[in-house]
Structure formats: C-alpha cells, structure tokens
Amino acid sequence: MTPTARLDELRVDGDRLARELDALAGYSDAPAPAVTRVVFGETDRKAREYVTSLCAEASLAVRTDAVGNTFARWRGTSPELPAVATGSHIDAIPNAGRFDGTVGVLGGLEAIRALQRAGCTPRRSIELILFTSEEPTRFGIGCLGSRLLSGALDPAVDDTLRDADQGTLKERRTAAGFSGALARVRLSEGSYSAFVELHIEQGPLLEAGRLDIGVVTAIAAPASLRIHIEGQGGHAGAVLMPDRHDAFLAGAEIALAVEAAARASGSIDTVGTVGVCNVFPGAVNSVPSRTTLEVDVRDIERTRRDDVLSTILGASQAIAARRAVTVRVDTLNADPPATCAPEIVDAVMSACQAHAVSHRTMISRAYHDSLFMARVAPTGMIFIPCRGGVSHRPDEYASPEAIANGTAVLARTLATLAST
Ligand code: GLV
Ligand code: MN
Ligand code: MN
C-alpha cells in the first residue's frame with residue numbers, strides 16, 4: 001500500500017455502514033427485530049443481491065463459486081501476488097439478531113471503500129468474501145462454504161447432505177443459481193497471503209472491560225452430533241406406563257446427560273447444548289416413536305471436548321438399553337481448534353495502536369469461517385463489543401461507534417497486510 005501516510009486520511013463512513021446494516025436486516029423471514037435468513041432461501045437470494053450490488057458500486061470485481069461463496073476483489077498494483085482477504089457470512093439462524101456475520105461483510109466492504117477514499121493503492125489485491133452457510137441451520141453443518149474452500153469437507157457431500165425437506169446440497173445450490181462441480185470450490189495453494197475476519201464478540205468480556213477491540217488468538221473446537229432415537233409409538237391413553245418405550249423420554253434423558261457431561265469436564269470452557277429436538281409423530285395423544293436431537297459441544301481443548309463426546313455416546317447407549325429403544329449417533333463434525341497467525345495478531349495490535357483504541361487478546365468461543373480459513377492462510381480475527389454479550393437472539397446489538405472502530409482497525413490491518 002503506498003503511500004501509507006494516506007492512512008492518516010482514513011475515514012470510515014459509520015452512518016452509511018449503519019444504514020446498510022439496517023437495509024440488510026430488512027431481508028428476513030422473521031418480523032423485526034428478529035432476523036432469520038437461511039441459506040439458499042429467497043431472502044438469502046435477495047440479501048446476496050443487495051450485498052453484491054454494493055460491491056459492484058465500489059468497483060470490485062465480483063465472482064461466485066459452485067456453493068455460492070462470493071468474492072469481491074479490489075485489484076492491487078501487483079495482482080499476481082496472493083491477495084489479502086476479509087469477510088464473513090450473512091446467513092442468520094432462526095430468530096437471530098442482525099449483527100452476527102453481517103458486520104464482517106458490510107464492515108469489510110466499508111473498510112475497502114475507506115481505503116479507496118483515502119487514496120490508497122494496495123500492492124496486493126484485497127478481496128471481500130461472503131461465505132455460504134456459516135450457520136448449520138439448513139444442512140446441519142456450519143461453515144459449509146469455508147470448509148469446502150479449505151478442503152476440510154469432501155465434495156461428495158453434494159449428494160449426501162440433505163435439508164429437513166430431503167433436498168440435497170446439489171439440488172438446493174443449483175436451484176439458488178450456483179452450479180458446477182463442488183470439487184472446484186477448494187482454493188488452490190497460496191490463494192491468499194492473509195485472512196482477517198471482523199465479528200461481534202458474542203460474549204461479554206469487551207463490554208465488561210470497556211474495551212474497543214478484541215484481538216483473537218485462537219478459536220475453540222466445535223463438534224455436533226445428530227442422535228436418532230427409535231422407540232415404540234402407540235395410543236397415549238391405551239399403552240400403559242410399564243409397557244412404554246417412549247423415544248422422547250429417552251431423548252430427554254440423553255439431553256440431561258449432555259448437560260451433565262459438559263458440567264463434569266472440570267473446565268468452565270466446556271459447553272454442551274441440545275438445540276434441536278424433533279418428536280414424531282408430534283401429536284399430544286400419541287406416544288413418541290421417534291426423536292432426533294442435535295447436540296453442540298465445544299471446548300478450547302480438543303481432547304477434553306472429545307472426552308465429553310465419548311461420555312455422551314456411552315450415556316446414550318446405556319439409556320437406550322435401559323429403556324429398550326435404539327439409538328444411533330451421527331457425528332456431523334468434530335473439528336480441531338484453530339490458532340491465529342502471530343503476524344496477523346501483531347498487525348491487528350498495531351492497527352489498534354495506530355487508531356488509538358483500547359484492546360486485549362482473547363479466544364473465540366464461537367466458531368467462524370476463520371476456523372477453516374486458518375488452514376489455508378495466516379488468519380486473524382477482530383472482535384468488537386456487543387451489548388451484554390448477547391448473540392443468536394433478536395436483541396443482539398453492537399453500537400455504530402463500535403462497528404466503525406472495528407472497521408477502521410480492519411482497514412488499517414488490511415492496508416498493512418496488502419503492502420508487504
Ligand atoms: C456460529 O454461529 C456458532 O455457532 O459459533
Ligand atoms: Mn452465528
Ligand atoms: Mn457469525
């Protein structure tokens with residue numbers, strides 16, 4: 001980036017960014033303030049169109065891959081060099097807020113525009129990435145786009161991943177306008193020299209410490225299970241209690257076993273959640289014959305996380321045997337944690353100092369596309385405070401000032417990384 005002195009003229013347009021975040025939140029399947037935006041739905045399509053139009057307005061060259069990851073490139077003066085990338089996601093879980101992911105996409109775009117306005121000319125190209133399906137809502141697995149980009153997911157999932165209506169990934173992405181071989185999504189070696197993601201903290205530490213920026217040093221290891229329980233259904237009046245093999249009650253015990261296993265790990269860093277419970281046939285006067293649970297377990301230490309998974313597995317089999325039902329546990333993902341690259345951490349710290357904002361290092365307990373980008377490029381994350389640490393809820397909130405601060409730190413970090 002030459003000349004770096006131009007960074008003195010760097011101005012983030014916080015009002016415009018707030019208006020754009022507002023407009024993006026309008027693309028939702030839930031009434032405001034809640035946001036629901038599931039990948040490959042009509043609302044996702046319109047939201048993508050909106051973001052893409054803003055990228056084109058900023059004279060970025062936009063392309064998409066077979067799974068819908070969208071890349072918007074600002075060409076550097078040495079375009080043959082690996083680019084510097086930033087970005088996040090715009091899909092939102094059911095009944096979510098408006099800042100998770102979107103701050104990293106629209107903030108990333110505003111960071112690029114701020115550098116353009118300041119008259120900077122990056123040596124390396126700077127690329128904004130909108131990742132497909134960071135949230136697991138539709139296909140049960142998070143970070144779909146970045147997993148495929150990094151080679152962490154076999155492209156054969158095209159025919160095996162199905163949504164709740166039994167549509168395959170291939171059918172759904174094709175209907176959404178993203179075709180071609182999924183194998184071609186994988187990035188070629190050395191595509192990026194660096195990746196930096198801006199995100200709300202989704203935890204309380206920055207707000208509690210009255211700090212502007214979190215400089216992420218590692219991302220915790222997520223895992224998820226789908227547990228299928230099959231019992232015996234029947235008439236709720238006629239089947240007597242000693243004769244029951246109720247699939248839901250077995251599921252309820254398993255859910256409590258998840259809680260117990262996470263609490264017993266010996267560390268506050270272990271968390272276990274049962275966020276989905278589907279009961280069949282779902283009638284008040286029918287004994288449940290089938291139940292499916294979806295379980296999320298995380299820890300900053302992989303081995304401790306894996307021990308908890310084993311405990312849950314053992315408990316599930318024991319509960320099934322005692323209740324004479326059958327249980328099948330599918331591991332949807334069990335990923336290792338990621339470490340942020342020291343040189344990116346340093347670049348973010350220097351940007352914080354140059355922008356005169358307070359900061360601390362921290363671990364990300366949530367997962368992000370950075371978890372997988374770290375496998376293919378030196379990666380770092382910039383966190384900003386969110387009110388009460390609340391996320392994945394409609395009342396999720398980050399102030400325009402916090403967002404503008406994070407965007408300015410991102411812009412300076414990108415400028416540094418693109419100049420080398
Ligand atoms: C991402 O949304 C996560 O669940 O950590
Ligand atoms: Mn999320
Ligand atoms: Mn997110």
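**Entry 1: a definition before I start**

Partly exposed, in my notes, means a relative accessible area between the under 20% that counts as buried and the over 50% that counts as exposed. My first case is Arg 393, which has 41% and is therefore partly exposed. I'm working on a predicted model here, so I keep that in mind throughout.

**Entry 2: the partner of Arg 393**

I looked up what Arg 393 does with its side chain, and found a salt bridge to Asp 395, at 2.8 Å from N to O. Asp 395 is partly exposed as well, because its relative accessibility is 34%. While on salt bridges, I also noted a network: Arg 16, Glu 20, Glu 57, Glu 110, Arg 113 and Arg 117 are joined by bridges that share partners.

**Entry 3: more salt bridges**

How many salt bridges does a search of the whole structure find? I got 25. One of them joins the side chains of Arg 226 and Glu 294, with 3.0 Å from N to O. I checked where the two sit: Arg 226 is in strand β9 (residues 221-230) and Glu 294 in strand β13 (residues 290-299), so this bridge ties together parts 68 residues apart in sequence. Glu 294 comes out as partly exposed because its relative accessibility is 24%.

Next I picked Arg 298, which pairs with Asp 296; their closest N and O atoms are 2.8 Å apart. Buried or exposed, I wondered about Arg 298? It counts as buried, because 16% relative accessibility falls under the 20% cut-off.

**Entry 4: the manganese site**

Which protein donors hold the manganese ion (ligand 3)? I found His 89 (NE2), Asp 100 (OD) and His 199 (NE2), at 2.0 to 2.3 Å from the ion. Along the chain their spacing reads H-x10-D-x98-H. The manganese ion (ligand 2) is 3.7 Å from ligand 3, and Asp 100 coordinates both ions. I placed two of the donors: His 89 belongs to strand β4 (residues 83-89), while Asp 100 is in the loop between β5 (92-96) and α3 (102-117), 11 residues apart. Both His 89 and Asp 100 are buried.

**Entry 5: cysteines**

I searched for disulfides and the count is 0. Cys 340 was one I followed up: the nearest cysteine sulfur belongs to Cys 352 and is 13 Å away. A disulfide needs the two sulfurs within 2.5 Å, so that pair does not qualify. Cys 340 is buried, because its relative accessibility is 6%. Cys 277, by contrast, has 37% and so counts as partly exposed.

**Entry 6: empty space**

I found 1 cavity of 30 Å³ or more. Its volume is about 40 Å³. Around this cavity I listed Val 51, Thr 52, Cys 55, Thr 70, Phe 71, Ala 72, Val 105, Leu 128 and Leu 130. At least two lining residues come from each of α2 (42-57), β3 (70-74) and β6 (126-131). By class I get 7 nonpolar, 2 polar and no charged residues.

Then I turned to the second largest pocket, with about 180 Å³ of space. Its lining includes Glu 201, Gln 202, Pro 204, Arg 360, Met 362, Arg 365 and Phe 383. Which strand gives the largest share of that lining? Strand β16 (residues 359-364) does, with 4 residues. This lining divides into 6 nonpolar, 3 polar and 3 charged residues.

Technical notes. Residues are numbered from 1 along each chain as its sequence is written. Chains are lettered from A and ligands numbered from 1 in the order in which they are written. This is a predicted model: local features need pLDDT of at least 70, side-chain atom pairs count only at pLDDT 80 or more; totals for chains, interfaces and linings use all residues. Side-chain values use heavy atoms; hydrogens and water are left out. Buried means under 20% relative accessible area, exposed over 50%, partly exposed in between (1.4 Å probe, protein chains only). On a 1 Å grid over the protein atoms alone, a cavity is a set of points where a 1.4 Å probe fits but cannot get out, and a pocket is an open set with protein on both sides within 12 Å along at least five of seven lines; lining residues have an atom within 4 Å of a point. Grid points are joined across faces, edges and corners, and a volume is the space filled by probe spheres set on the points. Ala, Val, Leu, Ile, Met, Phe, Trp, Tyr, Cys and Pro count as nonpolar, Asp, Glu, Lys and Arg as charged, and the others, Gly among them, as polar. Donors are N, O and S atoms within 2.8 Å of the metal (3.2 Å for Na, K and Ca); water is not among the atoms, so sites may look incomplete. A salt bridge is a side-chain nitrogen of Lys or Arg within 4 Å of a carboxyl oxygen of Asp or Glu.
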